[in-house]
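Here is a short briefing on one chain. Look over the sequence and the model, then read the points by topic.

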Amino acid sequence: MCELLGMSANVPTDICFSFAGLLRRGGETGPHADGWGLVIYGPEGIQEFKESSPSAASETAQCLSQSSIKGNTVIAHIRQANIGGVDLKNTHPFQRELWGETWTFAHNGQVPNLEGITLSQFTPVGDTDSEFIFCWMLGELAKHFSEHPANDSEWAEHLSHCCETINQRGISNILLTNGNTLFTFCSTKLFWLTRKAPFGVAQLEDDDITVDFSTLTGELDVVTVIATQPLTNNEIWCAMGQGECRLFAEGKTLWSTKTPAVIHKPVNDKASGNS
């Protein structure tokens, strides 16, 4: 299956470190060689990068992993195709407009049984179950709310019921954002960590790269990273429970259905869990 990466921060933050750890799994340290995508919601707007080739061999992906492009919200995806051909139209993340906002969606899993799920306002361009699910979910939000609710937890709770419906038909780990909030749903496996003061050192799991975040951040910075598998080997990652939904905004949990357990502890004491 695919792997997901998300970020929610209270200040514009680059995704270089985490993306560097993810991209090697796209055909080098992992089998996810059927395309990659990165969407960044930053101060200057939305930037999207996608290729249907392996991220580990991509000059563009490598360049982005070393760039200083900053955003408050990010979704990235590396694909291992199961439904739909290996081409750009089937490469995550997918985007649509709702309530005057650009929504971005990425999915990990497989939902082969979509019989009886009827699309309304939105139509897929590609052939994946993932894009079909995205179109259906946005359509359900559009039918239930004529405009963006004043309280984000309202649409998040409604969307959680949609996720439950899809989850009964297969595996469906989900990241969804409008740039202001980041919605996550765990079907089988999803982890998150929050970095805040006091910041420390982090070491990538898939590459010999170490970063001392205390030299790159301010005291009030809060950055939450979400991933299919923990990306570092010396930080505390939290596991989302199966069926759990969580909504992040500015690096903090805005709403959730469950409280996760800490399961991925540092292998040494050189770095703080809040780095």
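**Ser130 and its surroundings**

Ser130 counts as buried, at 3% relative accessibility. The model is predicted. Ser130 sits in helix 3. Leaving out residues up to four places away in sequence, Ser130 touches His92, Phe94, Phe105 and His107. Two of these partners, His92 and Phe105, come back below: His92 precedes a cis proline, and Phe105 belongs to an aromatic pair.

**Overall build**

- The chain has four helices and 16 strands.
- Its radius of gyration is 17 Å, close to the 19 Å that the globule rule gives for 275 residues, so the chain is as compact as a globular protein of that length.
- Along the principal axes, the C-alpha atoms fill a box of roughly 50 × 40 × 35 Å.
- Of the 275 residues, 55% are buried.
- Take the contacts between residues at least 6 apart in sequence: 72% of them join residues at least 24 apart.

**Surface and charge**

- The chain exposes about 11,300 Å². Carbon and sulfur atoms supply 47% of that area.
- The chain carries 17 positive and 32 negative charges. The mean positions of the two sets are 5 Å apart.

**Aromatic pairs**

- A pair of aromatic rings is described by the distance of the centres and the angle of the planes.
- The structure holds eight aromatic pairs.
- One of them joins Phe19 and Trp36: the ring centres are 5.9 Å apart and the planes meet at 55°, so the pair is tilted. Tilted pairs are those with planes neither under 30 degrees nor over 60 degrees apart.
- This pair links distant parts of the chain. Phe19 is in helix 1 (residues 16-23) and Trp36 is in strand 2 (residues 36-42), 17 residues apart.
- Both partners are buried: Phe19 has a relative accessible area of 2%, and Trp36 has 0%.
- Phe105 and Phe134 form a stacked pair, with 4.9 Å from centre to centre and 10° between the planes.
- That pair also links distant parts of the chain. Phe105 lies in strand 6 (residues 101-110) and Phe134 in helix 3 (residues 129-144), 29 residues apart.
- Phe105 is buried at 0% relative accessible area. Phe134 is buried at 1%.
- Helix 3 thus holds Phe134 and Ser130, and Phe105 is a partner of each: ring pair for Phe134, contact for Ser130.

**Aromatic cluster**

- Trp99, Trp103, Phe145, Trp155 and Phe183 form one aromatic cluster.
- Trp99 lies in the loop between strand 5 and strand 6. Trp99 counts as buried, at 18% relative accessibility, where the limit is under 20%.

**Backbone exceptions**

- Most residues other than glycine have a negative phi, and most peptide bonds are trans.
- The bond from His92 to Pro93 is cis, with omega near -10°. Pro93 lies in the loop between strand 4 (70-78) and strand 5 (94-98).
- The bond from Ala197 to Pro198 is cis too, with omega near 0°. Pro198 is in the loop between strand 9 (191-196) and strand 10 (201-203).
- Trp99, the cluster member, has a positive phi near 55°.
- Glu250 has a positive phi near 55°. Its place is the loop between strand 14 (245-249) and strand 15 (252-256).
- Is Glu250 buried or exposed? Glu250 is exposed, with a relative accessible area of 52%. Trp99, by contrast, is buried.

Note on methods
Residues are numbered from 1 along each chain as its sequence is written. This is a predicted model: local features need pLDDT of at least 70, side-chain atom pairs count only at pLDDT 80 or more; totals for chains, interfaces and linings use all residues. Side-chain values use heavy atoms; hydrogens and water are left out. Rings of Phe, Tyr and Trp (its six-membered ring) pair if their centres lie within 6.5 Å; planes under 30 degrees apart count as stacked, over 60 as edge-to-face and the rest as tilted. Helices (H or I, at least four residues) and strands (E, at least two) are DSSP runs, numbered from the N terminus. Buried means under 20% relative accessible area, exposed over 50%, partly exposed in between (1.4 Å probe, protein chains only). The radius of gyration is taken over C-alpha atoms; the globule rule is 2.2 Å times the number of residues to the power 0.38. Contact means heavy atoms within 4.5 Å. Accessible areas come from the Shrake-Rupley method with a 1.4 Å probe; for residues, only the protein chains shown count as cover. Lys and Arg count as positive and Asp and Glu as negative; His and the chain ends are not counted. The place of a charge is taken as NZ of Lys, CZ of Arg, CG of Asp or CD of Glu.
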